[in-house]
Amino acid sequence: MHEMTLAQDMIRIIERTLGGKVRLERVNVTIGPLAGISGESLRFCFTEIARLEDFGEPELTINYTKARLLCLDCREEYSSDDLFHCCPRCGSIRKRVLSGREFTVDSVELEEGEEPDG
Ligand SMILES: [Zn+2]
């Protein structure tokens, strides 16, 4: 499963950033609608991996963004949840993706009293 790999990468990045294993309270991520990631699936995988790898039982909070698209015919910029919308101004389907493929770990919150153990 693609989300399992992502969850493993997230744990590695968090571990490297914090300098060791810590018990996490919450992890905040942003997922764009064109990133090809199932938020629910990622939540499940991340919780499992965090538990198995001794990172506590963190809650994964997901901020879902909208995609920004640029109409190639009338230059209108508009937002959408997917790539299947026409331009709201001229109805064209010719578009460029400006954003929406992002996947970022925005912040992590540690359990109270936790310090990275180096
Ligand atoms: Zn247009």
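**View A. The open three-stranded sheet of the predicted model**. In this predicted model, 3 strands form an open sheet in the order 4-3-5, and their pairing is antiparallel. Strand 4 (77–80) and strand 5 (95–99) are the edge strands, each of which pairs on one side only. Neighbouring strands of the sheet are turned against each other by 35° on average, with direction ignored.

**View B. The pairing of strand 3 with strand 5**. Strand 3, residues 67–71, runs antiparallel to strand 5, and the two are joined over 4 bridges. Within this pairing, Leu69 stands opposite Val97, a residue of strand 5.

**View C. Helix 2 and its buried face**. Helix 2 comprises 14 residues, 39–52, and spans 20 Å from its first C-alpha to its last, which is close to the 20 Å expected at 1.5 Å a residue. Leu42, Cys45, Phe46 and Ala50 are its buried residues; seen down the helix axis, the buried residues fall within an arc of 130°, so they line one face of helix 2. An α-helix has 3.6 residues a turn, so residues three or four places apart point the same way. The cover over the buried residues of helix 2 includes helix 1 (2–18), strand 1 (24–31) and strand 2 (59–64). On the other side of helix 2, by contrast, Glu40, Glu48, Arg51 and Leu52 are exposed.

**View D. Asp54, in the loop that leads from helix 2 to strand 2**. Helix 2 is followed by Asp54, a residue placed in the loop between helix 2 and strand 2. The phi of Asp54 is positive, near 75°, in a residue other than glycine. Asp54 counts as exposed because 10 other C-beta atoms lie within 10 Å, where the cut-off for an exposed residue is 12 or fewer.

**View E. Arg75, in the loop between strand 3 and strand 4**. Although Arg75 is not a glycine, its phi is positive, at about 70°. Arg75 is exposed, since its count of other C-beta atoms within 10 Å is 10. The loop that holds Arg75 joins strand 3 and strand 4, which belong to the open sheet with the order 4-3-5.

**View F. Thr65 and its contacts from elsewhere in the sequence**. Thr65 lies in the loop between strand 2 and strand 3. Once neighbours within four places in sequence are left aside, Thr65 is in contact with Thr30, Gly32, Gly100 and Glu102. Thr65 is partly exposed because 17 other C-beta atoms lie within 10 Å, a count between the limit of 12 or fewer for exposed residues and that of 20 or more for buried ones. The C-alpha atoms of Thr65 and Lys21 are separated by 30 Å, and the two residues are 44 apart along the chain.

**View G. The whole protein, as context for the close-up views, with 2 helices and 6 strands**. Read along the sequence, these elements follow the pattern α-β-α-β-β-β-β-β. The radius of gyration is 18 Å, whereas a compact globule of 118 residues would have one near 13 Å, and the C-alpha atoms fill a box of roughly 55 × 25 × 20 Å along the principal axes. Of the 118 residues, 19% are buried. Among contacts between residues at least 6 apart in sequence, 71% join residues at least 24 apart.

Note on methods:
Residues are numbered from 1 along each chain as its sequence is written. This is a predicted model: local features need pLDDT of at least 70, side-chain atom pairs count only at pLDDT 80 or more; totals for chains, interfaces and linings use all residues. The radius of gyration is taken over C-alpha atoms; the globule rule is 2.2 Å times the number of residues to the power 0.38. Two residues are in contact if their C-beta atoms, placed from the backbone, lie within 7 Å. Two strands pair if DSSP finds at least two bridges between them. Axes are lines fitted to C-alpha atoms, for helices over the stretch in contact, and angles run from 0 to 180 degrees between N-to-C directions. The expected span of a helix is 1.5 Å times one less than its number of residues. The arc is that of the directions from the helix axis to the C-beta atoms.
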